[in-house]
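Q: I would like to learn how to read the features of a multi-chain model, one idea after another. Could we begin with the way in which helix packing is described?

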Amino acid sequence: MTTTDATAVPVRPRRQNPRGDQVFHAAATAAGVAVLLLIVAIAAFLIARAAPAYHRAGWRFLTEREWFPDDPSRAFGILALAFGTIVSAVLALILAVPVALGSALFLTELAPPALGRWVGHLVDLLAAVPSVVYGLWGVYYLVPRLIPVSRFLDRTLGFIPLFDSRNNTYGRSLFAAAVVLAIMVLPIVAAIAREVFRQVPTADREAALALGATRWEAIRLAVLPYSRGGVVGAVMLGLGRALGETIAIALVLAASFKVDIHVLEPGGNTIAANIATKFGESGAHGREALIASGLVLFAITLVVNVVARGVVYRSAIAAEGRP
Amino acid sequence: MSKRIEAEGVTAWFGSHKAIESVSVAIEPKQVTALIGPSGCGKSTFIRTLNRMHEVVPGARMEGKVLLDGEDIYGDGVSATDVRRSIGMVFQRPNPFPTMSIRDNVAAGLKLNGVRGKSAIDDAVERSLRLAGLWDEVSTRLNRPGAGLSGGQQQRLCIARAIAVEPHVLLMDEPCSALDPVSTLTIEDLITDLKDDYTIVIVTHNMQQAARVSDVTAFFNIGGPGEPGRVVEMGATSKIFTKPDDERTEAYITGRFG
Amino acid sequence: MSAALGVGLGGVVSASTRRRRSVVNAIACTALGASVVIALIPLALVLGYTISKGSKALTGSFLTHSMRGVGPLDGTGGAYHAIIGTLEQVLIASLIAIPLGLLVAVYIVEYGRGPLRSAVRFLIDVMTGIPSIVAGLFIFAFWVLGLHRGFSGLAAGLALAVLMLPVVVRSAEEMLKLVPDNLREASYALGIPRWRTVVSVVLPTASAGITTGVMLAVARVTGETAPLLLTAFGYDAIRTSPAKGPQSGLPLFVFQQAGSAFDVAVRRAWAGALTLIAIVLVLTVVARVVAGRSQLKAN
């Protein structure tokens with residue numbers, strides 16, 4: 001044991017700048033405030049630029065199907081766009097949610113953990129593919145191959161208007177757009193659902209299994225009821241993503257302004273895709289109108305996302321059993 | 001270089017919960033003072049008021065005075081960072097910085113406090129590791145990550161890290177509770193060696209440990225659930241463990257509760 | 001399981017019930033397994049088709065030439081100008097969003113208190129859900145029109161920064177929260193000030209995870225097309241200055257070529273798509289590998 005040598009080189013700390021902490025704290029707080037200001041700025045600038053368009057269109061902005069904002073003698077409104085946006089997003093979720101939840105359940109409940117993680121990363125890769133690539137692939141690969149599927153649906157279920165194509169044409173339809181959208185929202189819903197299912201306490205699962213439940217019964221009895229809130233939130237976050245998707249739809253859809261439930265027929269349009277396709281050719285009035293439509297989209301996705309986060313958050317609290 | 005600590009009427013809260021109430025204790029230099037008592041009696045809270053670590057917890061506050069050789073560490077114009085540099089601390093779980101090598105772990109307190117000069121730092125690293133009894137085991141692999149050592153070695157690394165900044169006092173909050181018996185004995189020997197140079201305060205759950213390493217023992221207890229901890233009795237360790245004045249102390253050390 | 005059940009409840013549960021339950025179980029588990037396969041089919045198809053189409057069109061000349069002076073029926077021309085544009089735009093976005101995002105995350109985890117902290121966290125959540133086209137509209141309304149700066153690569157960088165910021169904040173926040181408090185305490189106990197503790201102990205400990213989050217954020221915005229339409233607008237020739245006038249970007253290039261009626265343009269779109277997907281996937285995969293090396297493991 002050596003004792004400290006009194007003659008050793010004195011190692012005395014230099015005094016820190018006492019204001020270092022204050023400066024860093026102030027910088028971090030300023031960054032937080034910047035986020036606040038950014039959101040305010042987004043809302044303010046969109047509203048300011050959209051206001052003239054709302055003023056010119058009045059309430060017809062919500063009820064008009066046409067989109068001729070640069071022509072003073074014609075009208076413009078988002079009815080057809082909003083219809084297409086909602087129909088394509090809802091159809092996409094109907095297609096994507098069962099697959100997303102099924103794969104999430106398999107990867108968390110049935111697959112060996114290492115395999116589950118690995119395949120989970122693969123599913124996540126779907127979310128990394130840029131939307132313009134989905135659009136290109138959609139037009140040139142998927143749409144032609146969906147035509148026989150559409151024809152089959154038309155022939156077998158055509159008595160339901162949703163599956164009826166009145167002139168037997170198929171192709172760049174809301175249905176095709178919804179299939180592409182479904183592929184794009186699938187990884188998002190699946191990733192959140194995996195998180196949600198992982199939160200289910202092992203004890204609950206084992207309790208069900210110990211009662212003699214099969215794997216599927218354990219999922220139904222212990223996993224699903226426990227994670228209902230989180231699953232609803234995951235689906236809504238997928239909905240938010242589907243509502244805002246732009247480029248893939250702009251490429252896949254043959255744009256037309258109709259409010260029509262015959263989704264197998266070519267045509268239809270969405271708010272976001274319309275902004276992308278019309279922006280280049282629009283004049284000043286046209287761009288104001290596009291911003292006005294974008295503001296509506298912003299508002300819708302905002303509500304969907306806030307509600308979804310709330311649902312996920314509350315279910316996470318319930319899962320952890322603490323505030 | 002070791003200094004005397006006097007706590008006068010220290011009361012500490014977490015939010016609205018009062019954890020300890022009017023604790024007054026005098027801790028002498030070149031001695032080991034053990035703080036013992038049942039779980040939740042406030043001994044960890046108290047030791048954290050001695051180097052202003054208590055205030056790190058959100059919502060925590062305290063009243064009273066803590067004098068280091070007569071100077072109030074909570075006085076106006078005294079910065080918490082200066083206090084912590086002269087009163088070092090070792091925690092329950094060994095917590096070496098995972099991104100740093102063994103050398104950088106020991107040098108962290110010096111470097112991050114603005115000390116420059118490679119030779120001065122290298123000297124301090126070697127001196128601290130020797131004092132912590134770890135030099136012979138790690139001198140050939142100072143550039144390896146600190147997290148690669150065994151639990152007992154990690155804790156001695158943390159002790160080296162704490163003494164590298166040349167504090168006057170070393171606070172140890174249950175330093176052996178996460179270690180195996182062999183590592184525990186090594187640390188206990190180290191504590192005995194270190195008391196020549198430092199004022200040492202150790203919180204422990206283990207009464208044999210208190211009896212083995214300490215010169216003075218303070219027994220903390222609470223009146224009942226939710227009530228603040230207080231010092232019941234303090235005195236020479238030999239006396240506390242053989243004929244304590246207070247019957248609660250006797251009940252505790254003979255294992256009747258806690 | 002069913003054997004044990006048979007012994008224990010032999011008299012209560014009939015053999016047919018047991019058989020029915022095990023059949024239901026087999027069907028359900030098969031369906032769940034099938035959904036994994038269904039989820040992976042599009043990945044294989046998109047990647048396979050893009051690679052097969054793109055590799056035929058992707059040439060050295062494509063990567064080194066712009067579209068300047070290329071006629072609608074010319075098979076020549078390439079994405080060089082668009083790749084330069086994307087590099088600049090993503091760099092601008094990163095230079096803004098990464099430092100700002102890290103500071104916001106540090107604010108939320110290390111310094112934030114009370115209602116301001118809750119508001120910032122909530123708004124970051126809100127920003128995560130902003131459609132990319134809306135981010136483009138915002139920069140168009142604010143920068144291009146409001147400040148009369150016109151279309152430029154810089155405007156595109158700003159729009160991408162708006163999209164990148166919440167991703168950086170959320171991932172950095174998650175990683176900072178995983179840094180154990182006892183490391184912060186060890187640092188404080190050495191008399192190291194709080195800000196140095198954050199910079200020299202907390203951030204390095206979380207660095208692998210933060211790097212992963214940042215790379216995923218970069219990958220995400222690299223593939224964004226919609227905001228570029230409204231901010232960079234597109235341009236056929238090489239424009240190295242991001243501040244002066246319209247610029248192209250790789251995703252925008254793919255979109256504009258894909259919208260053409262001519263085969264030569266569609267071929268360029270596929271070549272661009274393959275280039276883009278290669279960049280994005282490499283970033284994503286490398287990010288996952290970095291994450292695997294993290295010292296912090298989420299439970």
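A: The general idea rests on axes, which are lines fitted to C-alpha atoms, for helices over the stretch in contact, with angles running from 0 to 180 degrees between N-to-C directions. Helices (H or I, at least four residues) and strands (E, at least two) are DSSP runs, numbered from the N terminus. In this structure, the axes of helix α3 (residues 102–111) of chain B and helix α4 (residues 118–131) of chain B come within 9 Å and cross at roughly 120°. Angles under 35 degrees count as roughly parallel, over 145 as roughly antiparallel, 65 to 115 as roughly perpendicular and the rest as oblique, and the angle here therefore makes α3(B) oblique to α4(B).

Q: What is the status of this model, and how are its residues and chains labelled?

A: This is a predicted model, in which local features need pLDDT of at least 70 and side-chain atom pairs count only at pLDDT 80 or more, while totals for chains, interfaces and linings use all residues. Residues are numbered from 1 along each chain as its sequence is written, and chains are lettered from A and ligands numbered from 1 in the order in which they are written.

Q: In which hand does α3(B) pass α4(B), and which residues make the contact?

A: A crossing is left-handed if the near helix is turned anticlockwise from the far one by less than a right angle, and right-handed if clockwise. For α3(B) and α4(B) the crossing is right-handed. Two residues are in contact if their C-beta atoms, placed from the backbone, lie within 7 Å. On the α3(B) side the contact is made by B:R103, B:V106, B:A107, B:L110 and B:K111, and on the α4(B) side by B:I121, B:A124, B:V125, B:S128 and B:L129. For classes, Ala, Val, Leu, Ile, Met, Phe, Trp, Tyr, Cys and Pro count as nonpolar, Asp, Glu, Lys and Arg as charged, and the others, Gly among them, as polar; the contact of α3(B) with α4(B) has seven nonpolar, one polar and two charged residues.

Q: How do α5(C) and α7(C) cross, and in which hand?

A: The axes of α5(C) and helix α7 (residues 153–178) of chain C come within 8 Å and cross at roughly 130°, which makes α5(C) oblique to α7(C). Their crossing is left-handed. In α5(C), C:I124, C:M127 and C:T128 meet C:L165, C:P166, C:V169 and C:R170 of α7(C), and by class this contact has five nonpolar, one polar and one charged residues.

Q: At what angle do α3(A) and α6(A) pack?

A: Helix α3 (residues 79–110) of chain A and helix α6 (residues 174–198) of chain A pack at an angle of about 40°, with their axes 5 Å apart, and that makes α3(A) oblique to α6(A). The crossing is right-handed, and the residues of this contact divide into 27 nonpolar, four polar and three charged.

Q: How should the overall form of each chain be read?

A: The radius of gyration is taken over C-alpha atoms, and the globule rule is 2.2 Å times the number of residues to the power 0.38. Chain A has twelve helices and zero strands; its radius of gyration is 26 Å, well over the 20 Å that the rule gives for 323 residues, so chain A is more spread out than a compact globule. Chain C has 13 helices and zero strands, and its radius of gyration of 26 Å is well over the 19 Å given by the rule for 299 residues, so chain C too is more spread out than a compact globule. Along the principal axes, the C-alpha atoms of chain A fill a box of roughly 95 × 60 × 35 Å, and the C-alpha trace of chain C spans about 85 × 60 × 35 Å. Chain B has ten helices and ten strands; its radius of gyration, 18 Å, is close to the 18 Å that the rule gives for 258 residues, so chain B is as compact as a globular protein of that length.

Q: How many residues does the contact take from chain C and from chain A?

A: The contact takes 70 residues from chain C and 69 residues from chain A. On the side of chain C that touches chain A, the largest share, 20 residues, comes from α2(C), and the residues of that side divide into 54 nonpolar, twelve polar and four charged.

Q: Where is the pLDDT of chain C below 50?

A: pLDDT is the predictor's confidence in each residue, from 0 to 100. Chain C averages a pLDDT of 91, and 94% of the residues score at least 70, but over residues 1–10 of chain C the pLDDT is below 50. For the complex, the predictor gives an ipTM of 0.91 and a pTM of 0.89.
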